[in-house]
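Subject: The structure we talked about

Hi,

Here is the structure I promised to pass on. Have a look at it first, and then read my notes underneath.

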Amino acid sequence: MPILTLFCGLPGAGKTTRAKRLEQAGRGVRLCTDDWQGPLGLPRADTDFHDRLQRWLYDHAMTLLLTGCDVILEDGLWMQRSGSGPSPMHAPPARKSTSTSSTCPWRSCGTA
């Protein structure tokens with residue numbers, strides 16, 4: 001059974017360092033939206049593109065998992081509270097999915 005490794009943490013908490021170590025140890029394919037957006041020549045401030053790319057990468061992660069490939073999803077998984085301006089960040093509620101269909105389970109959590 002493939003393994004999906006998720007990271008949740010504030011900037012500078014060590015998510016990228018740990019995810020890269022897992023990848024180097026052969027523990028899965030690492031996907032990180034920021035790692036794709038920069039080389040595509042788009043600024044991090046382009047949040048609309050970032051959101052679209054992140055949804056595409058999450059769909060790609062599901063494809064990899066369905067083919068038996070372990071995935072390391074290193075996107076922080078933090079969201080800014082809406083309507084509060086500059087505010088602390090909070091993690092979205094965790095949801096467990098046992099779905100084996102090709103439907104992306106995180107769509108049901110409102111993150112895609």
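Let's start with a small puzzle: how exposed is Asp34, going by its relative accessible area? Asp34 has a relative accessible area of 30%. That puts Asp34 in the partly exposed class, because the class lies between the cut-offs of under 20% for buried and over 50% for exposed. Please keep in mind that this is a predicted model.

**The overall layout**

The protein has 3 helices and 5 strands. If you walk along the chain from the N terminus, you meet them in the order β-α-β-α-α-β-β-β. Of the 112 residues, 28% are buried. The protein exposes about 7,400 Å², and carbon and sulfur atoms supply 54% of that. Now take the contacts with a separation of 6 or more: 59% of them are between residues 24 or more positions apart.

**The sheet**

Three of the strands make an open sheet with the order 1-3-2 and parallel pairing. Strand 1 (4-6) and strand 2 (29-31) are the edge strands, so called because each pairs on one side only. From one strand to the next, the twist averages 20°. As a reminder from class, strands of a sheet pair through backbone hydrogen bonds, either parallel or antiparallel.

Strand 1 and strand 3 (residues 71-73) run parallel and are joined by 3 bridges. Leu4, for instance, has Val71 in strand 3 as its bridge partner. Leu6 also lies in strand 1. The C-alpha atoms of Leu6 and Leu73 are 5.1 Å apart, although 67 residues separate the two in sequence. Leu6 counts as partly exposed, with 46% relative accessibility.

Two helices lie across strand 1, strand 2 and strand 3. One is helix 1 (residues 15-24), which runs at about 155° to strand 2. The other is helix 3 (residues 47-66), at about 165° to strand 2.

**The core**

In soluble globular proteins, nonpolar side chains tend to be buried together. Here the largest nonpolar core has 10 residues, among them Leu31, Phe49, Leu57, Val71 and Leu73. Helix 3 and strand 3 are the elements that give two or more residues to this core, and helix 3 has the largest share, with 7 residues. Leu57 is a nice one to click on: leaving aside residues up to four places away in sequence, Leu57 touches Leu31, Cys32, Thr33 and Trp36.

**The salt bridges**

A search of the whole structure finds 4 salt bridges. Which residues does Arg30 pair with? One partner is Glu23, with the closest N and O atoms 3.4 Å apart. Another is Glu74, where the closest N and O atoms are 2.6 Å apart. Arg30 lies in strand 2 and Glu74 in the loop between strand 3 and strand 4 (79-80), so this pair ties together parts that are 44 residues apart in sequence. Arg30 counts as buried at 14% relative accessibility, and so does Glu74 at 4%. Glu23, at 33%, counts as partly exposed.

Back to Asp34 from the puzzle: its side chain meets that of Arg44 in a salt bridge (2.4 Å, N to O). Arg44 lies in the loop between helix 2 (33-37) and helix 3, and Asp34 in helix 2, so the pair ties together parts that are 10 residues apart in sequence. Arg44 counts as exposed, at 62% relative accessibility. Finally, salt bridges that share partners join Glu23, Arg30, Asp35 and Glu74 into one network.

Cheers

Key
Residues numbered from 1 in each chain as written. Predicted model: local features only at pLDDT ≥ 70, side-chain atom pairs only at ≥ 80, totals over all residues. Heavy atoms only, no water. Pairing = 2+ DSSP bridges. Helix = DSSP H or I, 4+ residues; strand = E, 2+ residues; numbered from the N terminus. Axes fitted to C-alpha atoms, helices over the stretch in contact; angles between N-to-C directions. Contact = heavy atoms within 4.5 Å. Buried < 20%, exposed > 50% of the residue type's maximum accessible area, 1.4 Å probe, protein only. Areas by Shrake-Rupley, 256 points an atom, 1.4 Å probe, with all protein chains shown as cover. Core = buried A, V, L, I, M, F, W, Y, C linked by side-chain atoms within 4.5 Å.
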